[in-house]
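Biologist: I should be grateful for a close look at the salt bridges in this structure. Please describe which parts of the chain they join and how accessible the partners are.

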Amino acid sequence: MCGIIGLLSEHRDVVPELLDGLKRLEYRGYDSIGVATLNPNGELERRRTEGKLAALSKLLHRKPLSGFIGLGHTRWATHGAPSEINAHPHATPEAAIVHNGIIENFQEIKTRLLTEGRCFETQTDSEVVVHLVSQKIRQGLEPLAAVRETLPLLEGAFALVFLFAYHHDLLIGARRGSPLAIGFGENEMAIGSDALAIGPICRQLIYLEDGDLAVIRPGSVKIIDQQGLSAVRPRRISSVASLDLGKSGYRHFMLKEIYEQPQVIGDTLNTMINPVTGRLSLPNLPELKRTNRLTIVACGTASFAALIGKYWIEKLARLPVDVEVGSEFRYRDPVLAPGQAALFISQSGETADTLGALRLCRKMGQGILSIVNVPESTIARESNVLLSTVAGPEFGVASTKTFTAQLTLLAALALVLATHRGHLSEQQETHLIRALMEVPAICAEILANTGPMEALARELLAPARDVLYIGRGLSYPLALEGALKLKEISYIHAEGYAAGELKHGPIALVDENVPVIVVAPTDHLFSKTASNLAEVNARGGRTIFIGDKDGLAKISNLAGSLILPKIDPFVIPLVYAIPIQLLAYYAAVTKGTDVDQPRNLAKSVTVE
Ligand code: M6R
């Protein structure tokens with residue numbers, strides 16, 4: 001979490017570009033924000049504020065700041081409340097720093113520094129770093145030596161950028177656990193949390209490896225690896241410069257990203273389907289093809305995609321699949337036989353819990369595969385096989401297009417494995433591939449008429465305090481996803497349940513004030529879900545049915561319904577994801593919440 005950026009220019013004021021970079025980094029955290037520069041005398045100056053970029057822009061209007069070198073930070077609070085005082089950059093007269101990550105031993109360091117007479121102004125873990133480095137500079141060390149002596153004292157994860165008083169031509173970056181990229185622009189150098197932050201300024205990028213330290217000077221960077229040796233990291237051309245990073249006329253990024261799904265699903269399929277043979281081909285998957293068990297690890301929405309993947313792979317390929325959330329998996333001492341395969345699903349490719357699980361699996365001899373949206377991310381780079389979702393950058397904190405892109409890849413993976421393992425005939429495979437290829441058009445059709453979703457969300461969901469989602473089979477993970485989507489952007493309490501589980505406890509919650517959304521497409525489980533819906537109705541509950549015409553004809557007593565086209569049951573999750581997302585979106589819009597940047601959240605969760 002937290003977005004960081006540093007810029008060093010030979011010819012212009014960097015503050016406008018720092019703000020531009022911070023705008024693109026806000027998805028990483030947005031509770032407080034700040035910038036620091038060197039004034040012409042070489043002294044450090046800062047502007048910081050609680051709130052988002054708009055608050056910082058206002059502050060800079062009142063109290064301008066400029067400089068040819070500077071740092072910027074947008075925060076997602078871990079230690080210390082969101083406030084001006086706790087906002088980065090943290091500074092002393094000697095240095096300023098921006099930090100992404102957590103310094104786990106900060107309390108010990110702080111206690112020691114306090115006894116040595118240093119004064120702290122914040123409640124953050126990060127502030128110890130600037131004190132340590134400043135203390136060493138005061139003792140006479142040059143900036144680089146001071147940083148090199150400081151880093152080994154820190155425990156935890158960090159991406160750090162340092163700016164030093166009276167050093168107009170030097171930025172130092174360091175990476176342990178949290179990502180950092182360095183960019184080469186025209187007469188300027190940049191360093192930041194990701195390519196999005198610095199890509200538009202710099203055509204060429206390098207990504208630091210774990211343990212790297214980067215000494216950035218005009219036109220050059222020197223990298224020192226964790227052994228203390230000089231290292232070279234490959235330069236890549238930034239693909240971000242040419243991307244449309246705006247809302248293209250949509251009111252929110254989330255809405256734009258929902259509408260991009262037909263294209264994204266189509267593009268993802270096109271990367272895998274041979275246009276001549278119509279057959280699927282994925283990168284070589286030796287790990288997966290020889291394993292007798294697959295572990296899938298992910299967090300949040302990606303974990304619901306994983307669950308759908310499990311249902312598909314087990315049913316079609318008859319391969320046992322375990323799905324785990326990263327934060328539990330990595331600490332529960334899992335039993336994994338060497339030579340099996342593990343798959344990690346992540347939009348950002350930086351989620352700390354998923355990455356930790358990946359590293360554990362690698363140690364335990366698993367073949368590592370990943371489904372990731374950011375190909376330069378740490379998870380992507382640490383995988384043996386990468387399956388890229390080609391969704392483009394996703395700015396809305398709520399995952400939408402990356403969820404359906406992950407599902408597209410998982411569906412293809414299930415088909416490829418099923419064929420390889422001899423459980424699917426060519427004819428069956430062709431039928432299911434066709435069903436997949438029809439999905440973009442079906443989604444586009446649904447998106448062409450969102451009025452019923454808007455009305456339902458406005459009339460039945462937005463006024464509710466609690467909402468339940470239920471579904472069976474492939475619709476069960478969709479119920480989980482629907483509830484997560486609704487609570488994260490509208491702040492309405494929502495829970496998803498397997499429809500058959502309702503009677504084992506949650507049905508006690510049902511009354512006339514709790515809408516129950518029943519995800520019930522026509523599939524082999526329809527009649528069972530319909531019975532669960534009837535059980536809710538019998539208890540005075542208000543049911544909202546999401547299904548097709550055939551299903552609707554078989555049920556009654558509904559508070560509301562959304563009728564979708566009849567589809568092949570295989571592709572239910574891809575199609576039904578759309579109304580699930582739109583219901584949450586319109587409920588949030590009705591409630592007037594910050595849809596793209598909901599409270600307390602961040603897009604990329606790089607802390608545990
Ligand atoms: O970047 P990742 O896919 O690894 O992120 C995992 C979760 O943090 C993410 O899916 C989160 O649950 C979304 N905000 C949900 O919309």
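Modeller: In this predicted model, D353 has a relative accessibility of 12% and counts as buried, because the cut-off for that class is under 20%. The partner of D353 is R330, and their side chains form a salt bridge with an N to O distance of 3.9 Å. R330 belongs to the loop between α11 (326–329) and β18 (341–346), whereas D353 is part of helix α12 (residues 352–363), so this contact ties together parts that lie 23 residues apart in sequence.

Helix α12 also contains R359, whose side chain meets that of E382 in a salt bridge of 2.6 Å, N to O. E382 sits in the loop between α13 (378–381) and β20 (385–388), so this pair, too, links parts that are 23 residues apart in sequence. Here the partners are partly exposed: E382 has a relative accessibility of 23%, and R359 has a relative accessible area of 29%.

A further salt bridge joins E394 to K603, with the closest N and O atoms 2.6 Å apart. E394 lies in the loop between β20 and α14 (401–420) and K603 in the segment after α20 (572–591), so the pair ties together parts that are 209 residues apart in sequence. E394 is buried, with a relative accessible area of 4%, and K603 is likewise buried, at 11%.

Salt bridges with shared partners also connect R359 and E382 with R175 and D210 in one network. In total, the structure holds 32 salt bridges, among them the pairs R330 with D353, E382 with R359 and E394 with K603.

Key
Residues numbered from 1 in each chain as written. Predicted model: local features only at pLDDT ≥ 70, side-chain atom pairs only at ≥ 80, totals over all residues. Heavy atoms only, no water. Salt bridge = Lys/Arg side-chain N within 4 Å of Asp/Glu carboxyl O. Helix = DSSP H or I, 4+ residues; strand = E, 2+ residues; numbered from the N terminus. Buried < 20%, exposed > 50% of the residue type's maximum accessible area, 1.4 Å probe, protein only.
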